Amino acid sequence: MNTLVINCGSSSVKYKFYSMPREELIAKGAIDKIGEKGSRIKNHLQALERVLGEIKEVDAIGHRVVHGGEQFQEPVVINSGVIRKIKTCSGLAPLHNPANLDGIRACGEILKNVEQVAVFDTAFHQSLPESAYIYGLPYRLYQQYGIRKYGFHGSSHEYVAREAAGRLKKDISAVNLITCHLGNGCSVTAIKNGKSVDTSMGFTPLEGLLMGTRSGDIDPAVVTYLIQRKKMSVSSVDALLNKESGLKGISGVSNDMRKIKEAAGKGNLRAKLAIEIFVYRIQRYISAYMGILGKADAIVFTAGIGENHPDIVRKICKGLFGNLKIKPRVMVIPTDEELMIARQTYRTLRGTLRGQTSTLEVRTRNQSVARRICDNIKK
């Protein structure tokens, strides 16, 4: 099954094209600056027309969708009802879900008879217990507006968790892990018996660790103070917390860890402080999750910083497990969210086809494609 994985941002389209279930990467690429001044690509439809003009024989499409709320606990085949539900979740992820929907609609218009699957960043964390996801707010806010912890980077955490279980030679259901996705966006997840039981990101990706430009955890009263006492607008505070804080805001240098480390090496004290805070926040979450899990088989680091800055990983782990008789293994595992999405797309459609092989009630471009998909299933 030739599976195209699409990740649409507000002004970008990233894609990878796989032959499944062999997991062979056939092609990959990205289109940036969609709709920006001077760009020839005005919208996601034009971007995907360009992509699909180069990629042929697409049997299935898997889409990364950032927020699935409580409606989606696993990947789903996309239809009009699913699109409506994703749209209702857009209020929870206004910067992401509308762009994800643009990609879904564009692919549906270009390849009308190819099945599409939505894979949700939040789905892996739907196993959180209520004690982990309910905030200390009036319960009616959860009941009426869905205000709760959702968690993000789910495909990444699940991918590296499964890879770690393989390295440990254990079934995923038999491992306890703490997975650290450290990039421009950062999150830590506690995984017990293969299931997410807590994670650092919350109602939005703003909660949790110090990140590239996001503040992470702060006293909520800071927001009301800035609005009431300093007369900042709501949009200004939102921009401050999401785009001007974190490593960038503290260092005054950049949100790029490479540049911050370079500045720190030249004696920039704010750059040094930014690294220290970044490390400390991660240590604090790992320590808390160790307490929740009781024991961890491994601590896994991934994404841009986790994979490419071993000195940061060493700083995080230094002295962290000194009081433990049995210390967890420390692993660095490159993430591959697109491959995880391709796997989930394949499994979802394989399940659909298995339930319909007698009549082949699956929309495909032609009968040869349908036969090829069924042949893959039988293998």
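In this predicted model, if we take the contacts in the protein chain with a separation of 6 or more, residues 24 or more positions apart account for 66% of them. The chain has 379 residues, for which a compact globule would have a radius of gyration near 21 Å, and the value computed here is 22 Å, which agrees. Along the principal axes, the C-alpha atoms fill a box of roughly 65 × 55 × 50 Å. As for secondary structure, you will find 15 helices and 11 strands in the protein chain.

Let me turn to burial and surface. Buried residues make up 52% of the 379 in the chain, while the exposed area comes to about 18,300 Å², with carbon and sulfur atoms supplying 50% of it.

Now to the charges, of which the protein chain has 56 positive and 35 negative, and the mean positions of these two sets are 3 Å apart. Side chains of opposite charge can pair when their charged atoms come close. How many salt bridges does a search of the whole structure find? The search finds 15, and I would like to go through three of these pairs.

The pair I take up to begin with is Lys-16 and Asp-336, whose closest N and O atoms are 3.7 Å apart. Lys-16 sits in strand β2, residues 12–19, whereas Asp-336 belongs to the loop between β11 (329–332) and α14 (337–354), so this salt bridge ties together parts that are 320 residues apart in sequence. Are these two partners buried or exposed? Lys-16 has a relative accessibility of 18% and therefore counts as buried, and Asp-336, at 16%, counts as buried too; the cut-off for that class is under 20%.

Another pair joins Arg-64 to Asp-121, with 2.6 Å between the closest N and O atoms. Here Arg-64 lies in strand β4 (residues 60–65) and Asp-121 in the loop between β6 (115–120) and α4 (130–133), so the parts tied together are 57 residues apart in sequence. Both of these residues, Arg-64 and Asp-121, are buried. Coming back to Lys-16 and Asp-336, these two are joined with Glu-338 into one network by salt bridges that share partners.

The remaining pair on my list is Glu-24 with Arg-22, a salt bridge in which the closest N and O atoms are 3.3 Å apart. In this case Glu-24 is partly exposed, its relative accessible area being 39%, and Arg-22 is exposed, with a relative accessible area of 62%.

Methods:
Residues are numbered from 1 along each chain as its sequence is written. This is a predicted model: local features need pLDDT of at least 70, side-chain atom pairs count only at pLDDT 80 or more; totals for chains, interfaces and linings use all residues. Side-chain values use heavy atoms; hydrogens and water are left out. Helices (H or I, at least four residues) and strands (E, at least two) are DSSP runs, numbered from the N terminus. The radius of gyration is taken over C-alpha atoms; the globule rule is 2.2 Å times the number of residues to the power 0.38. Buried means under 20% relative accessible area, exposed over 50%, partly exposed in between (1.4 Å probe, protein chains only). Contact means heavy atoms within 4.5 Å. Accessible areas come from the Shrake-Rupley method with a 1.4 Å probe; for residues, only the protein chains shown count as cover. Lys and Arg count as positive and Asp and Glu as negative; His and the chain ends are not counted. The place of a charge is taken as NZ of Lys, CZ of Arg, CG of Asp or CD of Glu. A salt bridge is a side-chain nitrogen of Lys or Arg within 4 Å of a carboxyl oxygen of Asp or Glu.
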